[in-house]
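Here are some notes to read alongside the structure. They start from one residue and then turn to the chain as a whole.

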Amino acid sequence: MGYGMVYHFKSPIICYSEALILDESREILYSKGFSRELAKEVINFI
């Protein structure tokens, strides 16, 4: 659980090297993830 959830911060959040941006009400403004298939490839590579 992140600090914002623990301490109840009310501010925009930018996470995951800018791949997830939330507004102060935790609505997604921008999300740039990668596919499940690519995630599997990364896990198998590691």
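1. This is a predicted model. Start with Asp-23 and its contacts further along the chain: once neighbours within four places in sequence are set aside, Asp-23 touches Ser-11, Pro-12 and Leu-29.

2. Where does Asp-23 sit? Asp-23 belongs to the loop between strand E2 (20-22) and strand E3 (28-31).

3. Asp-23 is buried, and no salt bridge is found for this residue. The nearest side chain of opposite charge is that of Arg-26, at 6.3 Å. A salt bridge is counted within 4 Å, so the distance of 6.3 Å to Arg-26 does not qualify.

4. Which polar partners does Asp-23 have instead of a salt bridge partner? The side chains of Asp-23 and Ser-25 are joined by a polar contact of 2.9 Å. A polar atom of the Asp-23 side chain also lies 2.9 Å from the backbone nitrogen of Glu-27.

5. Now the chain as a whole. There are 2 helices and 3 strands, and their order from the N terminus is α-β-β-β-α.

6. How much of the chain is buried? Of the 46 residues, 11% are buried, and Asp-23 is one of the buried residues.

7. Among contacts in the chain with a separation of 6 or more, 0% are between residues 24 or more positions apart.

8. The accessible surface of the chain is about 4500 Å². Carbon and sulfur atoms hold 61% of that surface.

Conventions. Residues numbered from 1 in each chain as written. Predicted model: local features only at pLDDT ≥ 70, side-chain atom pairs only at ≥ 80, totals over all residues. Heavy atoms only, no water. Helix = DSSP H or I, 4+ residues; strand = E, 2+ residues; numbered from the N terminus. Buried < 20%, exposed > 50% of the residue type's maximum accessible area, 1.4 Å probe, protein only. Lys, Arg positive; Asp, Glu negative; His and termini not counted. Polar contact = N/O pair within 3.5 Å; in protein donor to acceptor, adjacent residues only side chain to side chain. Contact = heavy atoms within 4.5 Å. Areas by Shrake-Rupley, 256 points an atom, 1.4 Å probe, with all protein chains shown as cover.
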